[in-house]
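This report covers the overall build of one chain and a set of salt bridges. The structure is shown first.

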Amino acid sequence: MTDDRSQTQGEPGPERPDGTAGTAIDTTVPHSARIWNYWLGGKDNYAVDRQAGDQYKDIFPGIAVVAQTSRAFLTRAVRYLAGQAGIRQFLDIGTGLPTADNTHQVAQRVAPESRIVYVDNDPLVLAHARALLTSAPEGSTEYLAADIRNPAAILDAAAGLLDFTQPIALMLMGIMGHFTDEEAYPIVSRLLAGLPSGSYFALYDGADTNEAFNEAQRGYNDSGAVPYHLRSPEQFARFFEGLELVEPGVVPVPHWRPDPDAPAVEIYSYCGVGRKP
Amino acid sequence: MSTVERDGGPAADALGPTVPRLLLGIQLHRFREAAGVSPEQAGYEIRASRSKISRMENGRVRFKERDVTDLLTLYGVTDAKTRAGLVALVRQANSPGWWSKYGDIMADWFEAYLGLEMAASVIRTFELQFVHGLFQTEDYARAVTLLGHTTASAAEIDRRVNMRLKRQDLLTGPEPPQVWSVIDEGALRRPVGGTAVMQAQLKRLIEVAQRRHVTVQVVPFSRGGHAAAGGSFTVLRFGEPEVPDVVYIEQLTSALYLDKREDVDHYMEVMNHLSTEALTPAQSMRFLADLSRET
């Protein structure tokens, strides 16, 4: 299991003084955002990514369904946030390569005035986001080159783009697996601490509840891609401590407010949406 | 790889329309599967064999317009726009027919490209010498055309210019593709058609780049490594997941289509390098505004 979102290693990546995003595209090692793109049936991947993706599939053939189902959670979560929860501002950290339903498209379908800040530290992802994740005229999309290891910098920069007196939805979709518990929980608490009351937090990541999945993940972590750690359902629940969990709570992704016609699948990713009181 | 030669000889006949045939075949296959129609049934409908259907779906035959429309009806494809798109592809796929008819060869391979461009969902371009055809003003387009056709009659120049401008209808259609254009600073500084023409062209570029589905990124001289390493090229992406990206390279007397995965990967890698090397879209707008004040 990896994420459709980009790698989050390395130094914080602000734009260079001349405004370019840097050129660190390496096509000799597999890249998590491009592997995920491959599993989702996208075309933005290279041979090295397809090879890593296929090796994973050999051990755990269900990974493409995991990728699609996890991505579908993003769609349902954003639809819920923009719809029932009435959220109009989204801070989407770990954007990943564009796919069919990106955050701003889902949100702006419900509320065209929605404002989205996409955050990533990968130059390839940022270049795609700036070109292809463009807003409806009523709303806005902005792009931040930043590293989630520095939550204060993200909040500072986002403060210039979003209205921090109004609720904001923080989205960490398939990205926290790149961090150990020691790193991950403080990052999330610091980000949430900076958001106003009434804000929301949405997350999904891979869970360690299936042995074949765990084995495939170990192989993946040896491939040269940025390692990704699976968590137990209890560990997922910890991310939401202090928040009011939206029904049905922290559950496998297919069980979170499924669409009526959704096929029944067993998926070893967990997700949840919580509201900051 | 397909090469379309200027003289319209065997290479053009054999390979020119590969991409439209492929696109057509893939889509016919998809519609047939969706309709749950067997190859035998489909063959019966058009008085042909099962293997003929299979050859069609693999893009290995010459298509007849009536066969395609009959099949679409059988598959329950009634949407007028979809049908018209496929019929347009049939005409492109059979384009060697035009070539002998017209003999104005260069325009024909370009028109074949235009059909592909119209079918694309994302068009990524790298321009080293000229502002991209989709963004050209009439005067700029005329100047570029004159450069390439010094002996052409006024009427022919007009026809070519009109074709370039007609192409821009794509940007104002109901569902325009995303056009993501990376342009080298050299193309912006070269005063094609003279300073006044270039000035107006820069203004046009600034206007066009503000549209939601258009992105312009400038590669400044200060970071031109990749830009210097190759020539202009275009990558077309199609909405259908099963249709591969196509790289299009225009040469002086021919055009090159690449759709093999290794080739496409290589060009896409270069395009991605260029996109990350270039100024961001916001920076590029400021760059263009500054440049337009300078000239």
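A contact here means heavy atoms within 4.5 Å. In this predicted model, 75% of the contacts in chain A between residues at least 6 apart in sequence join residues at least 24 apart. Chain A holds nine helices and eight strands. Its radius of gyration is 17 Å, which agrees with the value near 19 Å for a compact globule of 277 residues. Along the principal axes, the C-alpha atoms of chain A fill a box of roughly 50 × 45 × 35 Å. Of the 277 residues in chain A, 60% count as buried. The exposed area of chain A is about 10100 Å², with 51% supplied by carbon and sulfur atoms.

Chain A carries 21 positive and 35 negative charges, and their mean positions are 4 Å apart. Over all chains there are 25 salt bridges. Three of chain B are listed here.

| Pair | Closest N to O distance |
|---|---|
| B:E65 and B:R91 | 3.1 Å |
| B:R189 and B:E294 | 3.1 Å |
| B:D265 and B:R261 | 3.1 Å |

B:R189 lies in helix 12 (residues 185-189) of chain B and B:E294 in helix 16 (residues 281-294), so this pair ties together parts 105 residues apart in sequence. B:R189 is partly exposed at 36% relative accessible area, while B:E294 counts as exposed at 55%.

B:D265 and B:R261 are four residues apart in helix 15 (residues 261-277) of chain B, about one helical turn. B:D265 is buried, with a relative accessible area of 10%, because buried means under 20%. B:R261, at 34%, counts as partly exposed.

A further network of salt bridges links A:D44, B:R237 and B:D245.

How values were computed
Residues numbered from 1 in each chain as written. Chains lettered and ligands numbered in written order. Predicted model: local features only at pLDDT ≥ 70, side-chain atom pairs only at ≥ 80, totals over all residues. Heavy atoms only, no water. Helix = DSSP H or I, 4+ residues; strand = E, 2+ residues; numbered from the N terminus. Rg over C-alpha atoms; globule rule 2.2 N^0.38 Å. Buried < 20%, exposed > 50% of the residue type's maximum accessible area, 1.4 Å probe, protein only. Areas by Shrake-Rupley, 256 points an atom, 1.4 Å probe, with all protein chains shown as cover. Lys, Arg positive; Asp, Glu negative; His and termini not counted. Charge placed at Lys NZ, Arg CZ, Asp CG, Glu CD. Salt bridge = Lys/Arg side-chain N within 4 Å of Asp/Glu carboxyl O.
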